[in-house]
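Here is a short, friendly tour of some backbone details and secondary-structure elements. Please have the model open as you read along.

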Amino acid sequence: MSEYNPASIEPKWQKFWSENKTFKTDDTDKSKPKYYVLDMFPYPSGAGLHVGHPEGYTATDIIARYKRMNGFNVLHPMGWDAFGLPAEQYAVKTGTHPKITTERNIEGFRRQLQALGFSYDWDREVNTTDPAYFKWTQWIFLKLYEKGLAYQADVPVNWCPELGTVLANEEVIDGKSEVGGFPVVRKPMRQWMLKITAYAERLLNDLEMLDWPESIKEMQRNWIGKSTGADISFSLVGIDNKTIDVFTTRPDTLFGATYMVLSPEHPLVEELTTSEQKNEVEAYIEKAALKSDLDRTDLNKDKTGVFTGGFAINPATGNQIPVWVADYVLMSYGTGAIMAVPGHDERDWEFAKKFGIEIVEVIEGGDINAEAFTGDGVCVNSSNSEVSLDDLSVSDAKKTIINWLEEKGIGSGSINYKLRDWLFSRQRYWGEPFPIIHTEDGPKPLPTSELPIELPEVKQYKPSGTGESPLATIEEWVQTTDPETGKPARRETNTMPQWAGSCWYYLRYIDPDYTLGPVDPEKEKYWMPVDLYVGGAEHAVLHLLYARFWHKVLYDCGVVSTPEPFMKLVNQGMILGEMEFTAFKNTAGDYVDAREIDENTEVESVKLTEDQVEKKGDRFVLKGTDTGIDARSFKMSKSRGNVINPDDVVEKYGADALRLYEMFMGPLEQVKPWSMSGVEGVNRFLKRVYRTFIDDKTGKLHDAVKEAEPSKAQLKALHETIKKVSEDIDGFRFNTAISALMIFNNEAMRWDVRPVSIMKDFLLILNPFAPHLAEELWQALGNEQTMSYEKWPVFEAKYLVADEMTYAVQVNGKVRGQITVSMDDHKNKDVVLGLAKAEPSVRRYLDAGTLIKEIFVPGKIVNLVVKG
């Protein structure tokens with residue numbers, strides 16, 4: 001007996017594709033339209049792929065195969081974002097060089113991806129840790145430096161002593177490192193910065209040209225955070241020639257500013273703090289250093305602060321107003337200082353109420369004793385001898401006060417961005433070295449002839465403990481000479497963050513062997529921009545924003561020809577672990593409905609298996625009962641023990657089953673729970689497809705599959721499927737495309753004759769989804785060449801036009817039979833009624849009574865009214 005056996009079919013075709021370089025991209029034929037489809041390349045961790053990875057990769061592979069069959073020249077590459085902290089931490093623990101760990105992990109990832117049959121051009125594989133690759137990462141940094149976009153500054157950073165490195169805000173959770181859960185403190189440190197703020201306006205405006213999910217665009221807009229307002233200087237009591245400078249979006253409320261707040265890191269804190277307040281202020285600053293920026297700005301948290309003892313002068317009222325320190329003000333945003341208007345800002349109102357600070361109404365319309373009024377209104381209590389805002393609208397008041405500030409030389413209209421310059425240093429070993437030396441005259445870029453600057457061999461990978469990277473301990477590498485002057489110099493010992501290599505990898509795929517620059521300019525003009533970029537929404541801001549920034553710099557340098565790198569973006573949804581079912585028993589041992597349980601109900605939890613439950617309506621119940629249970633899915637994690645390894649799925653069901661199931665789970669963008677029974681379901685479909693073509697007894701082509709003229713019904717079924725599958729692939733509705741394939745196969749299995757021409761086209765549209773099985777059956781039909789470049793079947797509408805129509809025939813309003821009428825006669829009353837009356841199942845009613853009325857609505861109704 002012959003059965004579908006993916007364990008023999010799939011390796012056979014993977015070997016064929018690899019040996020024949022089936023998916024090698026041809027750069028020479030530029031007559032074809034191009035299509036560049038890109039995956040967010042993975043970090044090759046020791047754990048290998050999990051089932052979340054192949055979801056996006058399968059989607060892009062379906063698109064790549066579909067586009068090739070539609071005559072496009074497709075670039076579909078894969079590579080490795082291989083620098084990173086985990087490999088370095090493993091090196092600290094075991095002494096194993098990160099390069100060895102990384103190469104081993106890459107081999108595992110590559111094996112797993114190839115076992116899934118993805119149609120990558122493996123000749124274009126890139127690795128960010130390869131010196132031939134990071135030579136050009138360093139080259140791009142030099143371009144940034146030349147343009148004044150890379151500089152050094154002392155900035156407060158999230159320092160993790162245990163990891164020995166600086167962490168981004170997103171890598172700090174509740175005062176601890178995301179990796180390892182180690183304590184993190186804030187401290188100033190000399191760092192390399194990239195001036196992404198110089199591109200803020202372009203990064204914002206050019207979002208309009210992109211076909212991206214609106215939610216992702218909005219996240220980028222919010223991260224850039226453009227706001228219009230005014231810069232205002234407040235003079236200080238008792239301190240000459242110094243001011244507290246603030247940016248505010250509400251200069252119209254200046255008369256209502258009754259206090260100021262500085263961030264704990266503000267340089268004026270020490271000078272403003274009186275001796276009486278010194279101990280309290282220092283203790284507060286020390287405590288604030290233990291919090292991340294995200295913790296400090298949490299709107300739900302209780303506001304804390306401490307009075308410095310110093311005062312500033314409100315330039316509009318002339319009043320002395322107290323200066324406080326509070327951790328909800330960040331040095332990294334604006335100027336690190338704010339003017340506080342408690343009458344018209346909720347956060348300022350809460351702070352003022354807590355600490356007994358004056359609240360003044362300057363916008364009419366609310367009750368500031370009860371809450372801050374943040375709505376529109378006219379200005380009140382807002383005048384001095386030089387300017388009056390009273391009775392003006394908010395917009396008019398803003399213009400008036402800005403004019404007055406500019407005349408007085410104490411402020412001006414201004415645009416501010418929440419976006420901060422990009423902190424680009426890491427105190428790690430396993431990263432790209434900076435192409436910078438330090439001479440007695442300061443930092444100096446190395447000439448491009450010195451690139452790549454490679455990492456030295458080290459005996460230990462543990463951080464230096466001083467805040468410097470492990471590289472700082474290798475004197476023979478650090479001590480060097482300036483290649484231009486021959487004078488002694490020291491190498492930069494920080495390394496670049498993992499983001500660096502991923503900012504431009506899509507360009508290197510275009511020609512990874514090009515030696516004259518990061519990208520071949522002629523090939524770049526052909527391939528860019530990327531037509532489709534697929535990856536997780538977790539990269540919505542940082543990776544995408546950083547890559548767009550670097551691309552714009554390279555555009556300004558003439559290296560690339562497009563202002564944006566990724567024209568269309570699609571985010572795949574997260575795949576959760578399998579559904580977990582829990583029932584509840586009361587103290588008497590009886591099951592109780594989950595909806596009836598509250599905090600006072602004493603219950604025992606009972607874990608259930610899938611075969612113990614069933615779905616009723618929109619909820620799960622105990623099988624055979626109406627007792628509701630708790631059913632939910634959780635994010636896959638080792639600690640929960642719900643991680644699914646794709647290797648296990650492939651071993652049991654095959655790669656085509658895994659690919660199909662991940663696309664069949666639901667819409668690509670949605671979060672979805674894993675289900676092994678779902679994998680079994682698509683595996684049964686693949687077995688049925690196999691049996692549609694192959695006789696299970698002989699193992700040869702089924703007798704029903706033969707050269708024959710297809711019937712109208714068969715052509716209609718095929719072209720309905722071609723239309724549906726084509727439209728659904730174009731719309732990324734892969735789940736409904738697979739449904740259409742299943743419907744067609746079910747119908748084809750019932751045919752006594754399965755014409756080869758029809759079955760060939762079915763395999764062609766199955767190919768992007770289940771390429772191994774499709775190739776195997778294509779070969780069984782007598783084809784010697786791979787189907788990967790066969791032409792995609794063309795939908796022909798003429799086959800969907802029916803040449804017959806069926807009427808349900810009613811007698812006294814009840815259906816008693818049906819008739820089929822040619823489309824030529826379907827509106828001909830005499831023909832339709834004649835056929836209806838002749839239908840045997842209708843005739844017996846007419847013979848038993850008297851026909852008194854005939855009702856005929858063309859294309860809809862035939863109803864015969866019979867009496868007796």
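Is Asp174 buried or exposed? Asp174 counts as exposed, because its relative accessibility is 57% and the cut-off for exposed is over 50%. Keep in mind that this is a predicted model.

**Unusual backbone spots**

You will find Asp174 in the loop between strand E7 (172-173) and strand E8 (176-177). Although Asp174 is not a glycine, its phi is positive, at about 55°. As background, most residues other than glycine have a negative phi, and most peptide bonds are trans.

Asn241 is not a glycine either, and it too has a positive phi, here of about 65°. Its setting is strand E11, which covers residues 239-248. With a relative accessible area of 83%, Asn241 is exposed. Gly558, a glycine, takes a positive phi of about 80° just after H17.

The table puts these three residues side by side.

| Residue | Phi | Place |
|---|---|---|
| Asp174 | about 55° | loop between strand E7 (172-173) and strand E8 (176-177) |
| Asn241 | about 65° | strand E11 (residues 239-248) |
| Gly558 | about 80° | just after H17 |

Next come two peptide bonds worth a look. Leu451 and Pro452 are joined by a cis peptide bond, with omega at about 0°. Pro452 belongs to the loop between strand E19 (442-445) and helix H13 (475-478). The peptide bond from Met528 to Pro529 is cis as well, and its omega is near 0°. Here the proline, Pro529, sits in the loop between helix H16 (521-527) and strand E22 (532-536).

**A sheet and a helix**

In which order do the strands of the open sheet run? The order is E6-E5-E9-E17, 4 strands with antiparallel pairing. At the edges are strand E6 (165-167) and strand E17 (422-423), each of which pairs on one side only. The partner of E17 is strand E9 (residues 185-194), and the two are antiparallel over 2 bridges. To find this pairing in the model, look for Leu194, whose bridge partner in E17 is Trp422.

Finally, turn to helix H17, which spans residues 542-556 and has 15 residues. From its first C-alpha to its last, H17 reaches 21 Å, close to the 21 Å expected at 1.5 Å a residue. How many of the 15 residues of H17 are buried? The count is 13, and H17 is thus mostly covered.

Conventions:
Residues are numbered from 1 along each chain as its sequence is written. This is a predicted model: local features need pLDDT of at least 70, side-chain atom pairs count only at pLDDT 80 or more; totals for chains, interfaces and linings use all residues. Side-chain values use heavy atoms; hydrogens and water are left out. The expected span of a helix is 1.5 Å times one less than its number of residues. Buried means under 20% relative accessible area, exposed over 50%, partly exposed in between (1.4 Å probe, protein chains only). Two strands pair if DSSP finds at least two bridges between them.
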